[in-house]
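Work through the exercises below with the model open beside the text. Each task is followed by a solution in steps.

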Amino acid sequence: MSERDATEDTTADNGSETLFERIIAREIPADIVYETDTTIAFRDIKPQAATHILVVPKTRYRNVAELAAADPRLLADVIATAGKVAELEGLGNGYRVVFNTGADAGQTVFHVHAHLLGGEQLGPFGRYSQ
Ligand code: AMP
């Protein structure tokens, strides 16, 4: 493990680089399922549903409200990518898109991302509860 890996806190909401920038830069591996000029989609390392994919804009905003205020077109790209990935993953029977925002919602990576959940019958809050 490099010194950078050992010292960098990739989950703190402190404005520093998160692990998602490193996935986008191909510095750490991820199971990437789809990519556009502005977004990337990869499988969540700890899936909370049969299909659990993260959709991430390549430009960093801390949460979905900041993204919406700063660049609504990029937010639309994130949702469009989620829809495309749902199609590619065969989620025609339904899926859920979730943006955790802030500590009370369980947000751990402060680079906005959509959770795309599906591939099974989801409960009122799905299996996605932490
Ligand atoms: P959130 O808790 O909403 O910030 O979501 C962060 C998500 O990132 C969690 O569901 C984690 O399981 C997922 N995650 C953390 N590290 C990785 C990784 N290296 N590759 C893919 N997903 C990850």
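**Exercise 1. Locate Ala114 and describe its surroundings**

Step 1. Ala114 belongs to strand E5; helices (H or I, at least four residues) and strands (E, at least two) are DSSP runs, numbered from the N terminus.

Step 2. The model is a predicted one, in which local features need pLDDT of at least 70, side-chain atom pairs count only at pLDDT 80 or more, and totals for chains, interfaces and linings use all residues. Residue numbers start from 1 along each chain as its sequence is written.

Step 3. Count the neighbours: 24 other C-beta atoms lie within 10 Å of Ala114, so Ala114 is buried. The cut-offs are 20 or more other C-beta atoms within 10 Å for buried, 12 or fewer for exposed, and partly exposed in between, with C-beta atoms placed from the backbone.

Step 4. List the contacts (C-beta atoms, placed from the backbone, within 7 Å). Apart from neighbours within four places in sequence, Ala114 is in contact with Val55, Val78, Ala82, Val97 and Phe99.

Step 5. Arg96 lies 18 residues from Ala114 along the chain, and their C-alpha atoms are separated by 9.6 Å.

**Exercise 2. Is His113 buried or exposed, and which residues does it touch?**

Step 1. His113 sits in the loop between E4 and E5.

Step 2. His113 counts as buried because it has 26 C-beta neighbours inside 10 Å.

Step 3. Not counting residues up to four places away in sequence, His113 touches Phe20, Leu54, Val55 and Val56.

Step 4. In the record, the UniProt annotation "active site" (unreviewed entry) covers His113. UniProt positions are given in the numbering used here, feature names are shortened, and annotations may be inferred rather than shown by experiment.

**Exercise 3. Describe Gly119 in the same terms**

Step 1. Gly119 is in the segment after E5.

Step 2. With 19 other C-beta atoms within 10 Å, Gly119 is partly exposed.

Step 3. Gly119 touches Ala49, Ala50, Thr51 and Leu91, residues up to four places away in sequence being left out. Ala49 is 70 residues from Gly119 along the chain, yet 7.0 Å separates their C-alpha atoms.

**Exercise 4. Why do the buried residues of H4 line one face of the helix?**

Step 1. H4 covers residues 72–88, 17 residues in total, and spans 24 Å from its first C-alpha to its last. This is close to the expected 24 Å at 1.5 Å a residue, the expected span being 1.5 Å times one less than the number of residues.

Step 2. Buried in H4 are Leu75, Val78, Thr81, Ala82, Val85 and Ala86. Viewed down the axis of H4, these residues fall within an arc of 140 degrees, so they line one face; the arc is that of the directions from the helix axis to the C-beta atoms.

Step 3. An α-helix has 3.6 residues a turn, so residues three or four places apart point the same way.

Step 4. The exposed residues Pro72, Arg73, Ala76, Glu87 and Leu88 are on the face of H4 turned away from its buried side.

Step 5. Packing partners of the buried residues of H4 include strand E3 (51–57), helix H3 (64–70) and strand E5 (114–118).

Step 6. Just after H4, Gly90 takes a positive phi of about 75 degrees.

**Exercise 5. In what order do the elements of the protein run?**

Step 1. The protein has four helices and five strands.

Step 2. From the N terminus on, the order is α-α-β-β-β-α-α-β-β.

Note on methods. Contact = placed C-beta atoms within 7 Å.
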